Amino acid sequence: MKRFLFFILLLASAQITFAQTDSLHVWNKWCARKDTMVLFALGNNMIQVYGGGLKPADIKLKSLDQSLRIGNPEIKGDTVSVLAMPYPKKGKKMRLAVLNKKTSRQIKVIEFACDSIPKLVAQVGKITGKEAQRKDLLAQTVLKSAFPGSLYSYPYSIKQYTFKISTPKGGATIPVKGIFLTKDILQQIKDAPAGTVVEFDDIKATCPECAVRTLDDLKIKIK
C-alpha cells in the first residue's frame, strides 16, 4: 500500500513538473522572434521568463556556463527579467536553468545560440534595395533604422535626416526632424523623372539610454 501511495505521489509530482515546463515561456526581449533562443554578442539582451505555474518571486534563474552571464532579476507584473551577456569565446554552450526558488527544483534548461549584429542602416519603409518603383516609394511613410538580415530588434529610431534630390528641372534639399517622409518629399519623388537618384544624408539615429549615432547615407534610384 505504501509503495502504491509513493507511486501516486511520484506520478503527480511528474505531472506538475511537466505542466510547469510546458507552460513556461522564455525569450530574449530584443530578438524579433520570441520562439528563437538567440543572444547577440556586443548587443543588448534581456531574457524574460513567464509562466510555469509559479509566481515571478518564486522563479530563480541560473547560468550553467561561463559563456553566459546574467544580471540581477527584476520583476514587473507576471514576468521576470534579467540582463544577459554572452561570451562565445568562453564556450559554445549558453545554458540557462529555470528553478523553483522554494524547492530548488530545476524546471527547465534553455540553451541559447549566439549571433553577431550587422551594421545599423537606414531604409525607406519596407524598401531594402538600391532601386525602387516610384509607386513603392510613394507608398512608404517613414525613414526607419534596421539591422539587415538579423533578428536583433533593439529599438533604434531615426532622429533626423536631410532629403536631397536633383533633376533637370532643379533640385531640393529638405531637412527633417523625426522619422516621417513629408508631403514635400513625396511630391519631389512623384514629380522626378525615372532614373533620378534620391538621397538621405546626415541621418541620425538614437535608442533608449544610448548616444546619437550617424548612419551611412542612403541613395535610391527611382525606376
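These are legends for a handful of close-up views of a predicted model.

**View 1. How confident the prediction is, and where it drops off.** Across the protein the mean pLDDT is 90, and 90% of the residues reach 70 or more. The weak stretch is residues 1–20, where pLDDT stays under 50. For that stretch the model has five contacts beyond four places in sequence. Keep this in mind for the next view, since helix α1 covers residues 2–23.

**View 2. S23 in helix α1, with G51 across the way.** Helix α1 runs over residues 2–23, and S23 is part of it. In sequence, S23 and G51 are 28 residues apart; in space, their C-alpha atoms are 5.8 Å apart. Is S23 buried, exposed or partly exposed? It has 30% relative accessibility, so S23 goes down as partly exposed.

**View 3. The disulfide between C207 and C210.** The sulfur atoms of C207 and C210 sit 1.8 Å apart, S to S. The count for the model comes to one disulfide. A link of this kind is a covalent bond between the sulfur atoms of two cysteines. The two partners fall into separate accessibility classes: C207 is buried because its relative accessible area is 9%, under the 20% cut-off, while C210, with 28%, is partly exposed. Two other cysteines are worth a glance here. C31 has 1% relative accessibility, so it counts as buried. C114 has a relative accessible area of 30% and is therefore partly exposed.

**View 4. S81 in strand β7 and its polar contact with Q48.** Strand β7 covers residues 79–86, with S81 among them. With a relative accessible area of 12%, S81 is buried. Which side chain does S81 meet in a polar contact of 3.0 Å? The side chain of Q48 is the partner. Q48 also turns up in the contact list of S81, which leaves aside neighbours within four places in sequence. That list holds M46, I47 and Q48, plus N72, P73 and E74.

**View 5. The largest pocket.** Its volume is about 240 Å³. The largest pocket is lined by 13 residues, and W30, N44, L83, Y154 and E209 are the closest to its centre. Which element supplies the largest share of the lining? Strand β7 does, with three residues; this is the strand that holds S81 in the view above.

**View 6. T196 in the loop between α3 and β15.** The loop joins α3 (183–191) to β15 (197–206), and T196 is found in it. At 7% relative accessibility, T196 counts as buried. Its side chain reaches the backbone oxygen of P193 at 2.7 Å. What else is T196 in contact with, once neighbours within four places in sequence are left aside? The answer is I165, S166 and T167, along with I220, K221 and I222.

**View 7. D184 in helix α3.** Helix α3, which leads into the loop of the previous view, includes D184. T196 was buried, but D184 is exposed, with a relative accessible area of 53%. As for spacing, D184 and F163 lie 21 residues apart in sequence, and their C-alpha atoms are 10.0 Å apart in space.

Note on methods
Residues numbered from 1 in each chain as written. Predicted model: local features only at pLDDT ≥ 70, side-chain atom pairs only at ≥ 80, totals over all residues. Heavy atoms only, no water. Helix = DSSP H or I, 4+ residues; strand = E, 2+ residues; numbered from the N terminus. Buried < 20%, exposed > 50% of the residue type's maximum accessible area, 1.4 Å probe, protein only. Disulfide = S-S within 2.5 Å. pLDDT = per-residue confidence, 0-100. Contact = heavy atoms within 4.5 Å. Polar contact = N/O pair within 3.5 Å; in protein donor to acceptor, adjacent residues only side chain to side chain. 1 Å grid on protein atoms, 1.4 Å probe; cavity = no way out; pocket = protein on both sides within 12 Å on 5 of 7 lines; lining within 4 Å. Points joined across faces, edges and corners; volume = space filled by probe spheres on them.
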